[in-house]
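Hi,

Here is the structure I promised to pass on to you. Have a look at it first, and then read on for my notes on what turned up.

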Amino acid sequence: MTTAQIHSAELRAAARHFGRRRFLSATGAAAALAFAVNLPAAGAASAAELHGRRITEDPFTLGVASGDPLPGSVLLWTRLAPRPFEVGGGLPREKVTVDWELAHDDRFTQNVRKGQATAHPEYNHSVHVEITLLDPDRVYFYRFRAGDWISPVGRTRTAPAADAQNSALTFAAVACQAYHDGYFTAYSHLAEEDVDVVFHLGDYLYEYAVDAAGGARAYTDRLLPAVFNRETVTLEDYRLRYALYKSDPDLMAAHAAHPFVVTWDDHETENNYAGATPENNVPPEEFLLRRAAAYRAYWENQPLRTPQHPVGPDMRLYRRLHFGRLAQFDILDTRQYRSDQAYGDGWRVPGPESEDPSRTITGATQERWLLDGWQQSDALWNVVPQQVLFSERRSNPTASYTVSMDAWDGYTASRRRVLDGAAAAGIENLMVLTGDVHVSYGLDIKADFRDPASRTVGTEIAATSIASGEDGAERPGNYDSLMAANPHLKFYDGRRGYVTVALGEDSARADFRTVSAVTTPGAPVTTAASYVTEAGAPGLTPA
């Protein structure tokens, strides 16, 4: 029996043991997850403790990170893993006390706060530290210590006060980093950018197998362990895959340089899943057990706060962040609550099924939360970081065009309700941030995409991939047909990279940053194009 077959058998056994009705409850799912991966039951956290001085190898091999900045608070993350490519990271199933420090300077001569946290084996020795009562809109430096080992230094910052009349904010948006498709070179450049925060729009990792040579990286100086050369299914699979990704030095540099705000798409769990519906025909209770494992590993390995802690196969990832009176960010989850893709997924001619008013890409609760948040917003810019393309994208300029059933084009009633809600709330400066597509797009959001002359009601900025799709091309093969079919599409580039956005009181500027290659390391970064949208008059124009 292959490893994949063994893992599938474990999932089926757990699902059968608990039964579908019990599994579909939160407590049943959590119990089934523990059953499948031999985690201790709730309340039975490991009593044994490993003193840090007994750790004989550097445990900070996966670096440090921070995330979700608030006006008086930062969230710090690390994970102890002296041998990250082994189950358990090379540590016994014992808890470890970790010291942390926060300072005004990177030499820690002006200490602000220090304390201790526990790295529990039940959470794969990950550490999440929420520090409060800090100054708003201020840079801080942090580090961790375990025994005699000291982590790399990280740099983070708090958000401006809620009522601050701040006039500028610069952020980056990134997405889609398939390790096996190339190097994370773009992150080495992003680490050097002057940005306040980074938004990761999904596909932080991919479930697909990574061979010994690292796929398109074509390593000649190392061989990756066989444990990565299979699809991720179990909790240990996902944990090990995060270890592989987070061991990348360019990704570690970006995390150490800037606070991240993360949301997922599909590949953190499985390609194109929709809610409780998997890509392939497996029983829902079996898939939800896999989803529970994926969600748990995601939380363990990301700089997320306590409200995002998963319960079984459920995890509330949508949340709202404020950066003074300048910007409100409504971070969405368009995977966990969506209806199944219409017409069997893929690119299809739109019709009654994809246009069914009952279909949703956000779920009713999240949709209501978004619209209610806009009603209460007093921000100049209302930004929506999310996963899949929001604007209409026709495949060609003929009457027989198709659209992606996985994007908002497959959920047109959801899109209509969101745009109507923005209009009802008087949102004048709507900006949607998108990942998934592995290309850079700049789009005008139209009140009615069927009428190119209709009013422009917002801006969509799609961040290209960090590595997914390998090197790409400045003008992909469908460039001419896509530009002709979509007059609201103002910019299109198929190379790898990221986007930075500078928000101001009068306008927002997007700089599309690209690298020439990811299948070889060290490519330089250039600005492919820059576009501006004016406050109060949405619509992209070249800068």
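To start with a small puzzle: is G426 buried, partly exposed or exposed? Before the answer, one caveat: this is a predicted model, so please read everything below in that light.

G426 is partly exposed, as its relative accessible area is 47%. If you want to find G426, look in the loop that runs between helix 9 (412-424) and strand 17 (430-434). S377 sits 49 residues away from G426 along the chain, and the C-alpha atoms of the two are separated by 9.6 Å.

**The chain as a whole**

The chain has 10 helices and 24 strands. Its radius of gyration is 23 Å, close to the 24 Å that the globule rule gives for 543 residues, so the chain is as compact as a globular protein of that length. Measuring tape aside, the C-alpha trace spans about 70 × 55 × 50 Å along its principal axes. Of the 543 residues, 60% count as buried. The accessible surface comes to about 20,100 Å², and carbon and sulfur atoms hold 49% of that surface.

You may also like the contact statistics. Among contacts with a separation of 6 or more, 70% are between residues 24 or more positions apart. One pair that is distant in sequence is D163 and G324: they are 161 residues apart along the chain, yet their C-alpha atoms are separated by 5.5 Å. D163 belongs to the loop between strand 8 (154-157) and strand 9 (168-174). With a relative accessibility of 58%, D163 counts as exposed, because the cut-off for exposed is over 50%.

**Two helices**

Helix 7 covers residues 284-300, which makes 17 residues. From its first C-alpha to its last it reaches 24 Å, close to the 24 Å expected at 1.5 Å a residue. Helix 7 is mostly covered, with 16 of its 17 residues buried. R290 has its place in this helix, and R290 is buried, at a relative accessible area of 8%. What lies 3.4 Å from a polar atom of the R290 side chain? It is the backbone oxygen of T269.

Helix 8 has 13 residues, which should span 18 Å at 1.5 Å a residue; its end C-alpha atoms are 19 Å apart, which agrees. Its buried residues are Q366, E367, W369, L370, L371, G373 and W374. Which elements do these buried residues pack against? The list is strand 12, strand 13, strand 15, helix 9 and strand 17.

**Salt bridges**

Side chains of opposite charge can pair when their charged atoms come close. How many salt bridges does a search of the whole structure find? The search finds 32, and here are some that I would point you to.

D330 forms a salt bridge with R320, and the closest N and O atoms are 2.4 Å apart. D330 lies in strand 13 (residues 327-331) and R320 in strand 12 (residues 319-323), so this pair ties together parts that are 10 residues apart in sequence. D330 is buried, with a relative accessible area of 0%, whereas R320 counts as partly exposed at 24%.

D378 forms a salt bridge with R325, with the closest N and O atoms 3.3 Å apart. Here D378 is in the loop between helix 8 (364-376) and strand 15 (381-385), and R325 is in the loop between strand 12 and strand 13, so the pair ties together parts that are 53 residues apart in sequence. D378 counts as partly exposed at 47% relative accessibility, and R325 is partly exposed with a relative accessible area of 31%.

R415 forms a salt bridge with D409, where the closest N and O atoms are 2.8 Å apart. Both R415 and D409 are buried. Finally, E236, R239, R296 and E300 are joined into one network by salt bridges that share partners.

Best wishes

Conventions. Residues are numbered from 1 along each chain as its sequence is written. This is a predicted model: local features need pLDDT of at least 70, side-chain atom pairs count only at pLDDT 80 or more; totals for chains, interfaces and linings use all residues. Side-chain values use heavy atoms; hydrogens and water are left out. Helices (H or I, at least four residues) and strands (E, at least two) are DSSP runs, numbered from the N terminus. The expected span of a helix is 1.5 Å times one less than its number of residues. Buried means under 20% relative accessible area, exposed over 50%, partly exposed in between (1.4 Å probe, protein chains only). A polar contact is a pair of N or O atoms within 3.5 Å; within protein, one must be able to donate a hydrogen and the other to accept it, and residues adjacent in sequence count only if both atoms are side-chain atoms. The radius of gyration is taken over C-alpha atoms; the globule rule is 2.2 Å times the number of residues to the power 0.38. Contact means heavy atoms within 4.5 Å. Accessible areas come from the Shrake-Rupley method with a 1.4 Å probe; for residues, only the protein chains shown count as cover. A salt bridge is a side-chain nitrogen of Lys or Arg within 4 Å of a carboxyl oxygen of Asp or Glu.
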